[in-house]
Amino acid sequence: MRKSETYEFTPIEELDENGDGRNGWAPEPTVGELQLDERSSLRRVAGLSTELADITEVEYRQLRLERVVLVGVWTEGSAAQAEASMAELAALAETAGSEVLDALIQRRDKPDPATYIGSGKADELRAVVLETGADTVICDGELTPAQLTALEKVVKVKVVDRTALILDIFAQHATSREGKAQVSLAQMEYMLPRLRGWGQSMSRQAGGRAGGSGGGVGLRGPGETKIETDRRRIRERMSRLRRDIKEMKTARDTKRARRTGSGIPSVAIVGYTNAGKSSLMNALTGAGILVQDALFATLDPTTRRAALDDGREVVFTDTVGFVRHLPTQLVEAFRSTLEEVTGADLLLHVVDGSDPMPDQQIKAVREVITDVLRESKTPAPPELLVVNKIDALDPTDLTHLRAQLPGAVYVSARTGRGLNTLRDKLAEFMGGLDVEVGVLLPYTRGDLLARIHADGRIIDSSHEEGGTRLRARVPHALAAVLSQYAHAGTDVAEAADLSG
């Protein structure tokens, strides 16, 4: 168990041979631990290989990845960057439940428009597939429908691109109703232009009298083909999903507005996939959410309220991770979820310190956030860079990283190292969001006094005949509420104007 200090354990003498409590009680698993057990029990069954006869209808079925060969095209950047991209593709394939057998990479100015890797490399890839016994080829890029078809004809096994692979991982990991709807929409947007059919042989022919010579005009010949029927049904399903997601977005916006109206500052934890966002969330709040050493372990945002060392409450939100070349379909489908970052007072940008190229992670995350903010037409919140997993670095690498990212906070969510420094930074930032007010609260407004105690910090106070006179630092939203009780010479009204 990861957060053992948060549990109360039954004494050893009260546990039976199975570890269950006799007279006391055993620790209750967290929601994240239950999700991890469930996810581990749903591994894919070996032996369900894809036969050659099934290739033509691969997009109609759920992906079944088993023994795979990776292939990539290196068009720009250094050799180290190309190798890092292939390593990430291997991690994605393993997260999807497949076994990586081999990998090929080709240096080209641009991908081949016919087979992505060119005819010579395609023949070489076919030889590798035969040698390893692979049943799937995964390409490190988004292939056009024509490229998929042409490459499958050469290698004679199923071909999957990077986008389809990420969509498959999202489909496995989605748990909430909104998450499942978003993933389904993204899959259908990807699938629609890639459906394959058998032309006229699958068309609906007019039967009975309509098929004979006595049929009327328009009743003879092919009707709606199977692929046209599939496309129509997919479009109808996509329309329903968009309506459902829009309704769920309304509910999410309502909850966000309620949190914003409470005056409690919000922090959105963002970052590259598997950077340790959920682990940091657990370390800061004790949320007990799912933590797994896998890409895209978290898809559904989790919001928790926690108190800083000075007693000030903060709302933390764990968001979905980003990745290089994140599919456009996912960005569009998950836009309502990604909008959690637009209303945040602070972005806690988590970076994997053990990654060989953390600067590339930072660049990829900022590109997605910029796109989301541009669509919502909101200014970018302040960002605090947090480098995680420093326990996996030797002192030399850590020193080099500190020189590369001088303004960051360096922590280890697993060991707790640096978390106190991070909490101090958060308290310092949140303190800067408050304004100083002076009010005379009637004794009948004990509710407002309680909010000042909960959300602000009282500097001094005294009791008078007309009520409680106090000076305090409070969030802008609360200052606006207190403006009607301001006494002469205070800046409550000014603070309320600033908050508006």
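This passage describes a three-stranded sheet, selected helices and several salt bridges in a predicted model. Local features were considered at pLDDT of at least 70 and side-chain atom pairs at pLDDT 80 or more, whereas totals for chains, interfaces and linings use all residues. Residues are numbered from 1 along each chain as its sequence is written, and side-chain values use heavy atoms, with hydrogens and water left out.

Helices and strands are DSSP runs numbered from the N terminus, a helix being H or I of at least four residues and a strand being E of at least two. Two strands are taken to pair if DSSP finds at least two bridges between them. On this basis, an open sheet of 3 strands was found, with the order 13-15-14 and antiparallel pairing. Strand 13 (435-441) and strand 14 (457-464) each have a single partner strand and stand at the edges, so one side of each is left without a neighbour in the sheet. Neighbouring strands are turned against each other by 10° on average, direction ignored. Axes are lines fitted to C-alpha atoms, for helices over the stretch in contact, and angles run from 0 to 180 degrees between N-to-C directions.

Strand 13 and strand 15 run antiparallel and are joined by 7 bridges; in this part of the sheet, Leu441 stands opposite Thr468 in strand 15. Strand 14 and strand 15 (residues 467-474) likewise pair in the antiparallel sense over 7 bridges, and they form a hairpin with 2 residues between them. In this hairpin, Glu464 has Gly467 of strand 15 as its bridge partner, while Ser462 has Arg469 of strand 15. Helix 14 (residues 446-455) packs on the sheet and touches strand 13, strand 14 and strand 15. The direction of helix 14 makes about 30° with that of strand 15. Contact here means heavy atoms within 4.5 Å.

Elsewhere, helix 6 (residues 177-191) has 15 residues and reaches 21 Å from its first C-alpha to its last, close to the 21 Å expected at 1.5 Å a residue. The expected span is 1.5 Å times one less than the number of residues. Several residues of helix 6 are buried, among them Glu178, Val183, Leu185, Met188 and Tyr190. Buried denotes under 20% relative accessible area, exposed over 50%, and partly exposed in between (1.4 Å probe, protein chains only). Ile234, located in helix 7 (residues 226-261), is buried, with a relative accessible area of 10%. Beyond its neighbours within four places in sequence, Ile234 is in contact with Met188, Met191, Leu192 and Leu195. Ile234 and Glu189 lie 45 residues apart in sequence, with 8.8 Å between their C-alpha atoms.

A search of the whole structure finds 14 salt bridges, each defined as a side-chain nitrogen of Lys or Arg within 4 Å of a carboxyl oxygen of Asp or Glu. One salt bridge joins the side chains of Glu189 and Arg242 (3.1 Å, N to O). This pair links distant parts of the chain, with Glu189 in helix 6 and Arg242 in helix 7, 53 residues apart. Arg242 is partly exposed, at 40% relative accessibility.

Arg414 forms a salt bridge with Asp391, and their closest N and O atoms are 2.9 Å apart. This pair also links distant parts of the chain, 23 residues apart. Arg414 lies in the loop between strand 12 (409-410) and helix 13 (419-433), and Asp391 in the loop between strand 11 (383-388) and helix 12 (395-404). Arg414 is exposed at 67% relative accessibility, whereas Asp391 is partly exposed, with a relative accessible area of 30%.

Within the hairpin described above, the side chains of Glu464 and Arg469 meet in a salt bridge (2.6 Å, N to O). Glu464 is partly exposed, with a relative accessible area of 32%, and Arg469 is partly exposed at 26%. A network was also identified in which salt bridges that share partners join Glu88, Asp140 and Arg162. Glu88 is found in helix 2 (residues 79-95) and is buried, with a relative accessible area of 9%. A polar contact of 2.6 Å joins its side chain to that of Arg162. Such a contact is a pair of N or O atoms within 3.5 Å; within protein, one must be able to donate a hydrogen and the other to accept it, and residues adjacent in sequence count only if both atoms are side-chain atoms.
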